[in-house]
Amino acid sequence: MKHLPALIAVFTAALSLTLPAHASLVVLQYHHVDDSTPAVTSISPDIFKQHMELLESEGMTVLDLYEATRKVLSGEPIPERAVAITFDDAYRSIYTQALPQLKQRGWPFTVFVSTAAVDQKFPDIMSWDELRELQKAGGRLANHTVSHAHLLDTPADTDQESYWQQEILSAEQRLEEEAGVTDRLFAYPYGEYSLALADWLKNEGFLAFGQQSGPTGQLSHPQILPRFPASGAYADTGSLITKLHSLPFSIAPREVADPVLRNNPPELALEITGDDFSVKQIRCYSGGELTDITEISASRIRIQAQTPILMRRGRYNCTAPSLSQPGRFYWYSQLWVDPSQPEP
Ligand SMILES: [Zn+2]
C-alpha cells in the first residue's frame, strides 16, 4: 500500500499529457432522410445533401466509424478534421435517399440496426437484402438491440443481465447470421445508458455509442462514446460547422458520472486537463439554460443547473473556446436519465 501515492502521481501525470490535436473524431448521427417522417428524427434529403457538401467544403475526411474509433482510443493517428457518418434504426430512406449521396462520394458509413424490425419486415425498414447491398457500397452494419429497447427498463418477468443478453447478444447473432457482422459495435437506443450497462458491454467486448454530443478523443470512455445528433432541431448547417471543428475535452474515463438521476438537478464534478483553454471560459448548459459552475481548482469544476430535469432525458453540455485555434471549441456532454419517467 505504501506505493499507492506514487502510483496515483504517475497516473495523474499520464492524464495531464497534452494530447495531439489529430486524435479526435466527430461522429454524426441521423435517423430518417425523408420529408414525410417525424420532424424530430428526420432530415430532408435536400438538407442532407447540404450536409454532405459541407463536409466537402470544410475539408473533412470521412472515415469508417469502427476503424477510426479504435485508432483514436489507442492513440494512433488519423487525419485531422475526421468525421464518421451514422444512421440509427435502418430506415428505408437511408437506402433511397442517403445511399446515392454517399456512394457518389465513395464515403463509408455505419447503420445501427434493430434486428426484429428487419426480421418482421416493417414497411419503412430495410430488408436484409437491402442491408447486404449497403455493405457492398461501403456501409457497416452494427447493433442497435433486437427490439429498440429501453435498456434501463427491465421487464418484470426477467432480470437486468438476461434482458441485456437477450436484446444485445441476440441482435449480434442475427447480424452475424444475415450479414457476417462480428464487430461488436453498438449504439444505445434513445442514447440511454447506465454505468452498469456500460460495464456489462465492456465485459462483452463492445464499443458503444450514445447520443450525448461531443467529439471522441483518446480518453473517451469506449462504452460511452459521443455522437452529434444532426437531424431535426440539430440539422442547421451553421451549428454543424462548429460541431465539425469541435475538440475533445480531456476527461478521464474514471471521471464519467452515472446518468441515472439520483438528485435533481444533478451535480456533476469534472476533472478536465489541458492547457489550450481557460477553465474560466467553460460554459455549461442544461435545456438551453446556463448552469452554475463552481471552480474547485485549476482543473476541477462542479456543475449544477438551477432547475431540475423534468423530462425522461436531459443533458449538461459544456464548451470552452480553444486558445490556440480561434473559432474551435472543446466540447463535452453528460446525459441524465430518469427511468421512472415515460418516453416523451
Ligand atoms: Zn434508434
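**Two domains and a buried parallel core**

Mentor: Let's start with a helical crossover in this predicted model: strand E5, helix H4 (residues 92-105) and strand E6 form a right-handed β-α-β unit.

Trainee: Nice, so which other helix sits in a β-α-β unit with E5?

Mentor: Look at the unit made with strand E4, which is right-handed. E4 covers residues 61-62 and is joined to E5 by two bridges, running parallel. In that pairing, Thr 61 stands opposite Ala 82. The helix in the unit of E4 and E5 is H3, residues 65-73.

Trainee: How many residues of E5 are buried?

Mentor: Check both faces of the strand. On one side Ala 82, Ala 84, Thr 86 and Asp 88 are buried, and on the other Val 83, Ile 85 and Phe 87 are buried too. E5 is therefore largely enclosed by the rest of the structure, and the count for residues 82-88 is seven of seven.

Trainee: Which residue of E5 is the bridge partner of Val 27?

Mentor: Begin with strand E1, residues 24-30, which runs parallel to E5 and is joined to it by six bridges. Val 27 has its partner in E5, and that partner is Ala 84.

Trainee: And in E6, which residue is the bridge partner of Phe 87?

Mentor: E5 also pairs with E6, residues 109-113, in the parallel sense over three bridges. Phe 87 belongs to a face of E5 whose listed residues are buried. Its bridge partner in E6 is Val 111.

Trainee: Where does Val 111 lead next: which residue of E7 stands opposite Val 111?

Mentor: E6 is joined to strand E7, residues 139-143, by five bridges, and the two run parallel. Opposite Val 111 in E7 stands Leu 141.

Trainee: Why is E6 described as largely enclosed by the rest of the structure?

Mentor: Both of its faces are covered, with Phe 109, Val 111 and Val 113 buried on one side and Thr 110 and Phe 112 on the other. E6 is largely enclosed because its buried residues number five of five.

Trainee: Stepping back to the domains, how many residues does domain 1 bring to the contact with domain 2?

Mentor: The domain assignment gives domain 1 as 21-248 and domain 2 as 253-337. Their centres, taken over C-alpha atoms, are separated by 24 Å. Domain 2 contributes 19 residues to the contact, and domain 1 contributes 19.

Trainee: How many residues on that side of domain 1 are charged?

Mentor: The side of domain 1 that touches domain 2 includes eight nonpolar and ten polar residues. The charged residues there number one.

Notes: Residues are numbered from 1 along each chain as its sequence is written. This is a predicted model: local features need pLDDT of at least 70, side-chain atom pairs count only at pLDDT 80 or more; totals for chains, interfaces and linings use all residues. Domain bounds come from an automatic or database domain assignment. Two residues are in contact if their C-beta atoms, placed from the backbone, lie within 7 Å. Ala, Val, Leu, Ile, Met, Phe, Trp, Tyr, Cys and Pro count as nonpolar, Asp, Glu, Lys and Arg as charged, and the others, Gly among them, as polar. A residue is buried if 20 or more other C-beta atoms lie within 10 Å of its own, exposed if 12 or fewer, and partly exposed in between; C-beta atoms are placed from the backbone. Helices (H or I, at least four residues) and strands (E, at least two) are DSSP runs, numbered from the N terminus. Two strands pair if DSSP finds at least two bridges between them. A crossover is right-handed if, with the strands pointing away from the viewer, the path from the first strand over the helix to the second runs clockwise.
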